[in-house]
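Please work through the exercises below with the sequence and the structure at hand, trying each task before reading its solution.

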Amino acid sequence: MKETRTVHLVRPGDCNHYGSLFGGTAMAWMDEAAFVAATRHARAKVVTVHADAMDFRHPVPQGSIVELVASVKAVGRSSMRLEVEMWVEPLEREERTLACRAGFVMVAVGHEGMPTEVPPPS
């Protein structure tokens with residue numbers, strides 16, 4: 001299945017007093033990437049119904065470039081299971097490191113807010 005990629009620059013307002021990305025900001029960015037990937041697959045309104053435990057593997061320092069890679073891993077009748085990886089790239093070098101990974105479940109909803117069918121995996 002196709003991947004959705006988004007990029008963020010880690011700015012001072014995104015960081016804690018240690019100069020690294022807030023965990024809540026990381027989760028919000030990851031949820032947004034999952035939302036875009038699920039919307040692209042379903043071509044419908046989607047909502048987050050579950051987020052797996054986030055596995056923080058590496059700090060994300062201020063000034064870094066962050067790339068989020070989201071992909072649909074499984075499709076049910078109205079739900080989609082996605083995986084999102086957060087890669088950090090310090091400005092000083094090209095080397096990328098996996099900083100965080102999490103799974104999300106999104107459900108497509110129709111006009112009345114009720115679950116609606118999504119297409120099968122492509």
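The exercises that follow concern a predicted model, and each is solved step by step.

**Exercise 1. Cysteines and disulfides**

Find how many disulfides the whole structure holds, and explain why cysteine 15 forms no bond with its closest cysteine.

Step 1. A search of the whole structure finds zero disulfides.

Step 2. A disulfide requires two cysteine sulfur atoms within 2.5 Å, so the distance between the sulfurs has to be checked.

Step 3. The cysteine sulfur closest to that of cysteine 15 belongs to cysteine 100 and is 15 Å away, which is too far for a bond; seen from cysteine 100, the closest cysteine sulfur is likewise that of cysteine 15, at 15 Å.

Step 4. As for their surroundings, cysteine 15 is buried with a relative accessible area of 8%, and cysteine 100 is buried at 1% relative accessibility.

**Exercise 2. The partners of strand β6**

Determine which strands pair with β6 and how many bridges join each of them to it.

Step 1. Begin with strand β6 itself, which spans residues 97-109 and is mostly covered, since 11 of its 13 residues are buried.

Step 2. Strand β2, residues 45-51, pairs with β6 in the antiparallel sense over six bridges, and threonine 48 is found opposite methionine 106 of β6.

Step 3. Strand β3, residues 55-56, runs antiparallel to β6 and is joined to it by two bridges; here phenylalanine 56 has cysteine 100 of β6 as its bridge partner.

Step 4. Strand β5, residues 79-89, is also antiparallel to β6, with 10 bridges between them, and serine 79 faces valine 107 of β6.

**Exercise 3. Glycine 103 within β6**

Decide whether glycine 103 is buried or exposed, and list what glycine 103 touches beyond four places in sequence.

Step 1. Glycine 103 lies in strand β6, and the cut-off for a buried residue is under 20% relative accessible area.

Step 2. At 9% relative accessibility, glycine 103 therefore counts as buried.

Step 3. Leaving out residues up to four places away in sequence, glycine 103 touches His50, Ala51, Asp52, Arg81, Leu82 and Glu83.

**Exercise 4. A histidine in helix α1**

Establish where histidine 41 lies, and state which residues, apart from neighbours within four places in sequence, histidine 41 is in contact with.

Step 1. Histidine 41 lies in helix α1, which covers residues 23-42.

Step 2. The relative accessible area of histidine 41 is 14%, so this residue is buried.

Step 3. With neighbours within four places in sequence set aside, histidine 41 is in contact with Val72, Val75, Met80, Pro119, Pro120 and Pro121.

Methods. Residues numbered from 1 in each chain as written. Predicted model: local features only at pLDDT ≥ 70, side-chain atom pairs only at ≥ 80, totals over all residues. Heavy atoms only, no water. Buried < 20%, exposed > 50% of the residue type's maximum accessible area, 1.4 Å probe, protein only. Helix = DSSP H or I, 4+ residues; strand = E, 2+ residues; numbered from the N terminus. Contact = heavy atoms within 4.5 Å. Pairing = 2+ DSSP bridges.
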